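Biologist: Hello! I am new to this structure; could you walk me through it?

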Amino acid sequence: MEYIDILLSANFWAAAIRIATPLIFGVLGALVCERAGVLNLGIEGIFVVGAMCGWMAVWLGAGLWGGVLIAALAGAFFGLLHGILTVPLGLSQHVSGLGITMFATSVSYFTYRTALPKVSSPPRIEAFQPLDIPVLSDLPFIGPALFQQTSMTFLALAMVLLVSYVLYRTPLGLAIRAVGDNPSAVEAQGLSVFALRIGAIMAGSALMALGGAFLTMSAFDAFFFGMINGRGWICIALVVFASWRPGKALLGALLFGAFDAFQIRLQNEVGAVIPSQVFLMIPYLLSIVALVLVARKADYPRALLQPYFRGQR
Amino acid sequence: MIRFEPRSNVSSLFALALPIVAGITALALAAIPIAAAGGEVFAAYGHIFKGAFGSKFALSELLARATPLIFTGLAVSVAFRAKLWNIGAEGQLYVGALAAVAVGSGAISAPAYIMIPLIMLAGMIAGGTLMLVPTLLKTRLGADEVVTTLLLNFVVLLFVQMMLEGPMKDPMGMGWPQSEPMTSAATLPKMFPRMRIHWGLVIALVSTLVIYIMMKRSVWGFEIRATGENVSAAKHAGIPVTSTFIKVGLISGALAGLAGVSEVAGLKGYLTSDISPGFGYTGVVVAMLAGLSPVGVVIAAVFIAAVFVGADSMSRAMGVSSYIADLVVAMSLICVLISSLFVRFKIRFVKPKKTPLAAKGEA
């Protein structure tokens, strides 16, 4: 049976993890923001910024890790903007997020077009290459599936560990979780709600930008208009599916990656009968289904979407 | 130290002036990227202004651009009034256009006074039905409509591409993925010869009037506003909140669907998968600039259309990327959001008192 063959091929799992990587960054980023009580719909635009800045930094000679750093800083900058609008100013998180997405996207496109006014094919960079780890990469099946990914995939996995360590094992994590549930209690402890929330949004936005950077610096080696194509919104759905837990976020992203990799292979099998667009719709429909499945029992951070003003309940 | 003090009564003149100030601020801020791109700032503004208002032809382009934005702006403002976050006007526009083409490209032949209402109805039903899905997912299953409407935009666009490469492809289209042209009976006529402005604009203005009357004078309008102000209070007062959301969803989707109808039947004459350069998303900006008021939508749509048309012409003349228009639109949204603070609060600059207690309180 050829479908089973697909599931048993290392190639398939390698693709699933590759597709999952930007989503791992994105879902983690959205999770950190929402755990602190702020929905960040800027994610779609911050992906674009990360993709553009990371790529352009490398193209200008910053080196691959320099590009990663610059992408993260650019993400954090737009996070700061969203943070200022939604936290001390207490403006609508929905509208501000959409504004950030539009702003970040148009700044990126404008910058790219201004730097490269007349290119027919987008210039390429020397992207991250799959690692070749002695022994591990040569293991049968697991080797090609897991240990021949690029460094950025391992960075994403490390971030899962880091975010769950910080959230659950440190006083800072406790404060972040508390500020998303009951900000007045945090204030009563003498901690600053504003600083915690803005900090969390900046950190989360930096993670989102890394998701974008992965696309231009690891999955591909160039920047294209419209390359993010709703990946940010998918992350916003997946974070609900993951019930705001880093471990489940990883699982959700991997599951999603596996489905997506499967549909691509399915498309090769039956592509002659069924139009390709049907397959391309699947990721979006899948995200809606994932959201609907858990929506009723979703345990939203209690202060999500609620601005906090000092001395006011 | 800055302090926000709630404002009790706001003069309507002040509330009116703020979005205008926000729009002008966004336009002024565009000087920075224009200068960064090496453009002559004053000349650039001159080109933008002339490109948008400088000739009869420019005005026709401006109003043709504003037409779909009035529809999507109305769609978003009705939904946002009830705090139903419909970000799916883009998708609803496309299904509306698809429905108009399905009905109006030869499937039915009837005189124009039947065909025009028919394609409008088809587009409204298609857009409304599409918005019904996320609305029901929200009211029945509690799924956040922001995410579902956003994701559906991508699904719809792929569906349209599929139809245009498959069953609805024009056999005479030289292989391009486009629909068959609308029949002449199903075409909204141009208002003036050799100009692109068409009767879709009149339909948009009539829709504005209808929505204005509905929001101001009807029970529905009251229910919609009450639901948006405070859902639980509205529920408590006996307003059928669920059916209000469904009504709002249908009306909002139908309006966005009309944008698609107007674009295929008035402007393009046939459907392609790039018929909208983000009119649905820009509708959010239009609605916010309008303060969600129907009449404001018309003014805001004209402003945003002027930015696009003007920037296009400036871009052709000076070589500054036309993405500057999207940048201005995005900045307008952020500026108008910030300006809403001034409606709700007085902003006072207070000198911090140097008592130890106050110092501790601020730490």
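Modeller: Gladly. This is a predicted model, and over all chains the disulfide count is zero.

Biologist: How do you know that Cys53(A) is in no disulfide?

Modeller: A disulfide needs two cysteine sulfur atoms within 2.5 Å. For Cys53(A), the nearest cysteine sulfur belongs to Cys33(A) and is 18 Å away, so the pair fails that cut-off.

Biologist: And why is Cys235(A) in no disulfide?

Modeller: Its nearest cysteine sulfur, again that of Cys33(A), is 12 Å away. The cut-off is 2.5 Å, so Cys235(A) has no partner either.

Biologist: What makes up the area buried between chain B and chain A?

Modeller: Carbon and sulfur atoms give 82% of the roughly 3900 Å² buried there. On the chain B side, the elements giving two or more residues are α6 (112–141), α7 (145–165), α12 (279–289) and α14 (323–344). By class, that side has 34 nonpolar, six polar and six charged residues.

Biologist: How many salt bridges and polar contacts are counted between the two chains?

Modeller: Zero salt bridges are counted between chain B and chain A, so no Lys or Arg side-chain nitrogen of one chain is counted within 4 Å of an Asp or Glu carboxyl oxygen of the other. Three residue pairs are in polar contact.

Biologist: Which residues of chain B does UniProt call "transmembrane region"?

Modeller: The unreviewed entry lists several spans, among them 92–108 and 197–215. In the model, residues 92–108 of chain B are 76% helix and 0% strand, while residues 197–215 of chain B are 84% helix and 0% strand.

Note on methods:
Residues numbered from 1 in each chain as written. Chains lettered and ligands numbered in written order. Predicted model: local features only at pLDDT ≥ 70, side-chain atom pairs only at ≥ 80, totals over all residues. Heavy atoms only, no water. UniProt positions renumbered as here; feature names shortened; annotations may be inferred. Helix = DSSP H or I, 4+ residues; strand = E, 2+ residues; numbered from the N terminus. Buried area = accessible area lost by both parts, 1.4 Å probe. Polar contact = N/O pair within 3.5 Å; in protein donor to acceptor, adjacent residues only side chain to side chain. Nonpolar A, V, L, I, M, F, W, Y, C, P; charged D, E, K, R; others polar.
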